[in-house]
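Here is a structure to read by its contacts. The questions below set values against definitions.

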Amino acid sequence: MSDQPLFKVTIDNVTVEVPAGTTILQAARQAGPEVAPPAMCYYSKLEGSGGKCRTCLVEVSKGSEKDPRPMPKLVASCRTTVMDGMEVKNYTSERVLDARAGVVEFLLINHPLDCPICDQAGECHLQDLAYEHGKAGTRYEFQRRTFEKHTLGDKIQLHMTRCILCYRCVMVADQLTKKREHGVLDRGEHAEITSYLEKNLDNEFIGNVIDVCPVGALTDKTFRFKNRVWFLKPLNAHRDCEKCCGKVTLWNRGDEVFRVTARKDQWGEVEDWICNDCRFDKKKTSDWVIEGPREIARHSVISANKYIGLKKPTETIDEVIGKKPRLFMDINKVSGVNRKDIDLSLIEGPAHSIDFDKDK
Amino acid sequence: MKLLLENAHIEGIRFFEAYRKHGGYRSVEKALKMSPAEIVEEVKKSGLRGRGGAGFPTGLKWSFLAKPEGIPRHLVCNADESEPGTFKDRYLMEFLPHLLIEGLITSSYALGSNATYIYIRGEYAWIPDILEQAIQEAKNNGFLGKNILGSGFDCEIYVHRGAGAYICGEETALIESLEGKRGNPRIKPPFPAVQGVWMRPTVVNNVETLAAIVPIINMGGEEYGKIGVGKSTGTKLISACGNLNKPGVYEIPFDLSVEDFIYSDEWCGGIPKGKKLKACIPGGSSVPILPANLLLTTAKGEKRLMNYESLSDGGFQTGSMLGSGGFIVLDEDQCVVKHTMTLAHFYMHESCGQCSPCREGTGWMWRILKNIEQGKGKMEDIDLLWDVQRRIEGNTICPLGDAAAWPVAAAIRHFRDEFEWHVLNPEEAQVRNFGLAHYADELLIQN
Ligand SMILES: Cc1cc2nc3c(=O)[nH]c(=O)nc-3n(C[C@H](O)[C@H](O)[C@H](O)COP(=O)(O)O)c2cc1C
Ligand code: SF4
Ligand code: SF4
Ligand code: FES
């Protein structure tokens with residue numbers, strides 16, 4: 001490492017020094033989130049990922065110190081390595097912003113913006129991109145692509161209508177589980193993610209496909225529609241696991257564990273893969289050693305209203321008003337859906353009125 | 001002057017005996033006495049440009065091939081030929097299979113490839129047998145296999161049948177497909193010259209390019225380089241089709257004018273029923289269409305010639321490309337909008353679907369075009385179409401995105417009034433009927 005030459009590269013006027021072989025995207029991430037391009041298909045932990053979605057296009061306004069000519073085309077920053085003295089424009093380039101808006105428009109042709117009902121809402125990178133680059137309307141007037149419903153086993157649900165064909169899940173299945181049972185079928189706009197002859201994905205690590213999916217195409221059947229992520233509190237937790245690192249994020253509401261995911265870094269990428277047991281089957285607080293609240297570094301809605309850095313008031317209501325408050329209504333008694341005897345997180349699938357049937 | 005097709009008419013030339021009798025395989029005998037580096041040098045001197053479409057200098061490409069110690073290298077012959085309007089390689093392989101095999105042996109020797117592949121499109125169902133037979137004959141006569149002509153050089157040629165996908169003609173998708181994977185283009189770099197088939201250094205060349213190695217070795221690179229005009233050296237096969245009296249495959253000299261090629265009796269013999277020339281796609285469906293006036297004269301007012309530089313006009317806006325040599329002529333009765341729509345359908349259907357702009361944009365373009373063509377379009381649709389193609393072009397992994405965008409851009413640029421006519425005269429647009437209308441409609445309505 002030490003004898004490797006360092007290349008100086010400037011991205012949106014921020015200069016960093018990185019080892020030769022670093023991609024523009026990685027250099028930009030090093031330079032800071034303000035200049036880092038969005039990435040929908042690249043995933044630093046997956047070999048050969050990137051290059052496909054074209055959201056990370058940037059303009060190379062100076063090739064290198066030796067050959068300062070600009071590159072004629074925009075390049076995919078996730079797959080282009082830096083040269084010494086390279087100058088890159090990302091958010092400072094009109095061309096880039098225009099092309100990226102184009103890419104977002106293309107992606108939104110066949111990706112419904114059904115964030116209000118999509119399980120990924122709040123965690124979806126396309127939602128962020130649409131917000132930043134999209135327009136309120138679309139110029140596309142034709143029928144959208146539709147797909148037959150497809151299930152990938154008892155724990156993972158695929159919504160092909162939302163898939164943007166980033167290939168990340170295919171690469172996870174290929175590289176992590178050493179047993180590829182699903183992939184891309186057909187080509188062009190008919191291309192779809194599917195499993196081999198409707199086979200279930202049952203590998204011990206297959207749950208990770210859910211975490212890498214940048215949109216709501218792959219969801220966790222033990223969690224989906226149980227809650228919106230921004231109502232949950234993310235906690236760092238761990239357990240002794242023979243199969244994986246056992247380090248996870250728990251998504252709790254009160255003491256109920258609603259969801260278990262791998263821990264994600266600043267760029268929304270998994271830090272360490274976790275096994276299916278940890279993810280799907282350890283849904284009790286007692287299964288875990290809780291380390292404390294997890295900071296969500298992303299700029300999305302999940303990090304809103306989280307209590308990191310929050311000062312807990314020391315006074316109680318009693319102290320403030322000088323007497324015990326009188327309770328006018330006990331919400332648990334009045335509301336049919338707030339029953340203490342019902343553990344929402346343990347209900348199969350989303351809760352329905354039938355789950356709160358008093359006679360049950 | 002014919003360098004490739006000279007003997008094409010000779011009876012039995014498809015077979016070794018007749019081919020050899022007429023001077024076949026001389027170039028191999030000569031080449032094996034030279035060093036591989038000397039052959040590469042000859043090819044460089046010849047100025048040969050790749051005949052697969054992009055026109056990249058072949059000698060230069062060969063010299064880029066990485067030569068790490070102990071790692072095998074491969075030569076792959078691109079016989080996918082799926083570009084609409086292009087059918088010259090098929091002619092070569094069908095009638096002169098030994099010419100290709102001869103070129104392949106010398107090229108394999110020059111590049112150090114002991115295992116060479118011919119990747120042929122699936123729809124050319126009958127040609128692999130012809131090639132296999134030629135390979136067997138060459139082998140029986142000591143020109144292939146172990147220790148060729150006692151030179152110590154071993155070479156096998158394998159014919160690999162594709163399943164029939166245009167994208168598999170793109171060299172990196174071809175390599176993926178050859179390796180038994182989905183035909184998705186790879187992201188470059190690394191280039192095939194460094195990591196190609198089985199991650200080994202690989203050269204991919206077009207059928208015609210490899211056949212041209214035969215005359216280059218026979219006559220010497222320098223002599224070959226003297227034939228032609230400027231950087232367009234040698235001769236070129238053109239597959240001419242559309243509204244022509246004599247469509248077919250022609251071997252042309254590069255100083256031939258476009259006008260002579262279309263009208264003279266020696267070549268295409270003019271346009272049927274004396275109709276007027278409207279437009280032409282000079283280099284296979286992906287290159288920009290040119291209206292008649294720009295086709296016949298360059299931006300400088302000179303006669304346009306059938307060669308790389310003249311057709312691209314040195315980068316002038318009006319320019320097009322020689323491309324793969326698929327020369328498609330449209331007479332005055334043809335509807336450019338309809339043709340563009342048909343092409344757009346092709347590109348939509350053939351997009352591999354890896355990158356978002358091509359996957360989503362090609363279908364969008366086709367649907368807008370279909371609306372306009374059927375008299376259901378609005379004026380804004382024309383600008384929208386322009387905008388969509390603009391956002392595909394240059395932003396994709398492989399050039400299929402450009403290939404889909406360029407025809408649309410050129411059609412709007414040169415024939416905007418025709419698009420507007422469809423919008424302004426919806427009833428008439430709906431009842432107009434052009435040659436291939438029935439067929440195209442049946443094909444398109446299913447979608
Ligand atoms: C979508 C696409 C399809 C292509 N199809 C062919 C083809 O059918 N035959 C061919 O020789 N080259 C084809 N090419 C060009 C090849 O990628 C490559 O440039 C060529 O085979 C190189 O050979 P050459 O240097 O001899 O021209 C295609 C390129 C693209 C982008
Ligand atoms: S399902 Fe998700 S991860 Fe898989 S290709 Fe589609 S968008 Fe990407
Ligand atoms: S441009 Fe089209 S064909 Fe080429 S890689 Fe992208 S999607 Fe595939
Ligand atoms: S992140 Fe670079 S192309 Fe998708």
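A residue is near a molecule if one of its heavy atoms lies within 4 Å of it. This is a predicted model, where local features need pLDDT of at least 70, side-chain atom pairs count only at pLDDT 80 or more, and totals for chains, interfaces and linings use all residues. Residues are numbered from 1 along each chain as its sequence is written, chains are lettered from A and ligands numbered from 1 in the order in which they are written, and side-chain values use heavy atoms, with hydrogens and water left out.

Q: Which residues around ligand 1 are the closest?
A: The closest are Gly52(B), Asn78(B), Glu81(B), Asn206(B) and Thr209(B). They belong to a shell of 18 residues.

Q: Why is the pair between Thr209(B) and ligand 1 called a polar contact?
A: A polar contact is a pair of N or O atoms within 3.5 Å; within protein, one must be able to donate a hydrogen and the other to accept it, and residues adjacent in sequence count only if both atoms are side-chain atoms. A polar side-chain atom of Thr209(B) lies 2.7 Å from an oxygen atom of ligand 1. That is within 3.5 Å, so the name fits.

Q: What makes the backbone of Arg51(B) count as well?
A: One of its N or O atoms lies 3.3 Å from an oxygen atom of ligand 1. This value is also within the 3.5 Å limit, so the pair counts.

Q: How much of ligand 1 does the protein bury?
A: Taken alone, ligand 1 exposes 620 Å² (Shrake-Rupley method, 1.4 Å probe). The protein buries 88% of that.

Q: Why is the pair Glu105(A) and Arg391(B) called a salt bridge?
A: A salt bridge needs a side-chain nitrogen of Lys or Arg within 4 Å of a carboxyl oxygen of Asp or Glu. Here the N to O distance is 3.2 Å, so the pair qualifies. The count between chain A and chain B is 9 salt bridges.

Q: Which element gives the most to the side of chain A that touches chain B?
A: Helix H2 (94–109) of chain A is one of the elements that give two or more residues there. H2(A) gives the most, with 9 residues. A helix here is a DSSP run (H or I, at least four residues), numbered from the N terminus.

Q: How many residues of each chain are in contact?
A: Contact means heavy atoms within 4.5 Å. By that rule, 35 residues of chain A are in contact with 36 residues of chain B.
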